[in-house]
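Let's take a walk through this structure together. Have the sequence and the 3D view ready.

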Amino acid sequence: MSTVTEAEPSFDRQATGSRLDWQRMLPWGLLALLMAAMLGLQSQLYIGQERTVTAIFMFVALAQAWNVIGGFTGYACFGQVVFFGIGGYATAVTMVHWHLSFWLALPLSGVGAALFGAVIGLPLLRLKGHYFAIATLGVAEGMREVVTNVPALTGGGAGITVPTVGEDATTAYLGNDGFYLLFLGIAALSLVVALVISRNRFGFALRAIHQDEDAAGAMGINTTRAKVLAFSISGMLTGLVGACYAFQQVVIFPDRLFDVELTVLMVVMVVIGGSGTVLGPLLGAVGLQYLSEYLRHSYTEAHTFILGAIIIVAVVFLPQGFVNYVREARRSGDYSLLANVRRYRL
Amino acid sequence: MLEVSGASAGYGRVQVLWDIELRVDEREIVSLVGPNGAGKTTLLRVLSGMVPVSSGTVTFRGDLVNGRSVEQVVELGISHVPEGRRLFPGLSVRDNLRLGGWRGKHTDLEPVLELFPGLTTRLDQVAGSMSGGEQQMCAIARGLMSRPELMMIDELSLGLAPVVVDEIIERLPDIAASGTSVLLVEQDVDAALRVAARAYVLETGRIALSGKAQDLLTDQRVQESYLGLG
């Protein structure tokens, strides 16, 4: 990455004096409006469309969760799916073996994923760059093997079935409408968390760590605590999504819940949208997931090929992501993509 | 205020500093000079909690510095302007300054802007896009934001034009007078000795000479070894 990155907004907008209250409230207003629109949209959708939009909500939440550690803090986690898997399996296992209600299993899964993030974060966050990426990748792959090899608890490679019907069912299956609302809620939660972090003191510390960790420490920031907390929050959000996903799928397998492709999608969505911003990962997740669905319908044979090509072009021309590109272009008045490539050539 | 007595330190089995005796008093500018590899930067890293001492003590107003983490040393009232400035390059000057006031949540930029008025028009500019001199001013201003009682500046002149170095060094007496003692580590021995009240010469990990900066300026050994005179 280039050293001259985005000029990020001051964390305390009031201090600049030029920011009015309505400007600070704007993102919150837009978020509320978006929520209302999504609630209204639900009644207009066919079942297939409703499922598609539900999947988009899921990726909005996942991308924003990855953004907390990979975007704000600058620690590219390539094993993020481990939290997804832990959340999913925590929900399935507690619903099957402890007969917990889903509404109890869900927060427990979030807490479990957060704790796991803290436990592996303490050693792993001492690593930087590629080393951190590879170590987290290893954790995710390893966890998949662990889950596969304790069939008494997890059902092993054959999968585990969340009780949703009959006497064993602890919580009635939510159906398409229910899951639409559930994932909408999780997406909204992740957006709120990201918005809060992006504007408070904690987020300011994360940005400083992203820029120069040693210097951040020299300012008196407890970098270890900030990094581990960011990793835990990121893990918790991802775990919550995994929990909802497990309930939605009913039958879950280690290969799907610890699928590295999910991590890759989160990273790509954040990077293309604009990492370290709140809007970027939202646009990246909606854009990419919608595009993926559209291509799947329109070009059944070649959709992954076309999607891959689009991603490559996007990364080449917008290496800093869409939102950061627009922000810089507006400041410099130079919208040329070629100039952008030159600025960020590696 | 800062007392270093009998301090030795190093990296792993490589010892860099032997039996260092050094002192900085209130509202005083002290310079630490010496050739490359003498251990100047290591000594500053010891004082800011980044490198532990193997023997001896470092105390600041009676509190033991050695054994504390970097964050805890900042809390004691010591700030460190590191070699190469280490600004947050992608953040604005304003945010760099505000991060300097992290501990104690100092947000008032006025005092440091009075000291370096040139930064006032740069507040919303990305720190990494400024000139070297402006970046050094920003780094010093950032170091002052926590209202430290002691500020250590490592290689202030690094990569800067002499005229810019003079301009920044001229500000140091104001900083000291306002209540922040300065420990200046410099390769530009002439400039460092002219601004300081006292100075230490570090050679191969030991204090070779110390005393009033004025006396060192006229010392024959200093003139021959560092000032190219004699």
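What follows goes from the meeting of two chains to a nonpolar core and then to a sheet.

This is a predicted model, in which local features need pLDDT of at least 70 and side-chain atom pairs count only at pLDDT 80 or more, while totals for chains, interfaces and linings use all residues. Residues are numbered from 1 along each chain as its sequence is written, with chains lettered from A and ligands numbered from 1 in the order in which they are written.

Start where the chains meet: 21 residues of chain A are in contact with 24 residues of chain B (contact: C-beta atoms, placed from the backbone, within 7 Å). On chain A's side, α9 (201-211) and α10 (213-218) are the elements giving two or more residues, and α10(A) gives the most, with four. Helices here are DSSP runs of H or I with at least four residues, strands are E runs of at least two, and both are numbered from the N terminus.

Now look inside. The largest nonpolar core (buried Ala, Val, Leu, Ile, Met, Phe, Trp, Tyr and Cys joined through C-beta atoms within 7 Å; buried means 20 or more other C-beta atoms within 10 Å) has 173 residues. Ala61(A) is among those touching the most other members; its contacts beyond four places in sequence include Ile186(A) and Val241(A).

Finally, chain B has an open antiparallel sheet ordered β2-β1-β4-β5, where pairing takes at least two DSSP bridges. β2 (14-24) and β5 (63-64) of chain B each have a single partner strand, so one side of each lacks a neighbour in the sheet. Two bridges join β4(B) (residues 53-60) to β5(B), and Thr59(B) stands opposite Leu64(B).

Terms used:
Contact = placed C-beta atoms within 7 Å. Buried ≥ 20, exposed ≤ 12 C-beta atoms within 10 Å, placed from the backbone.
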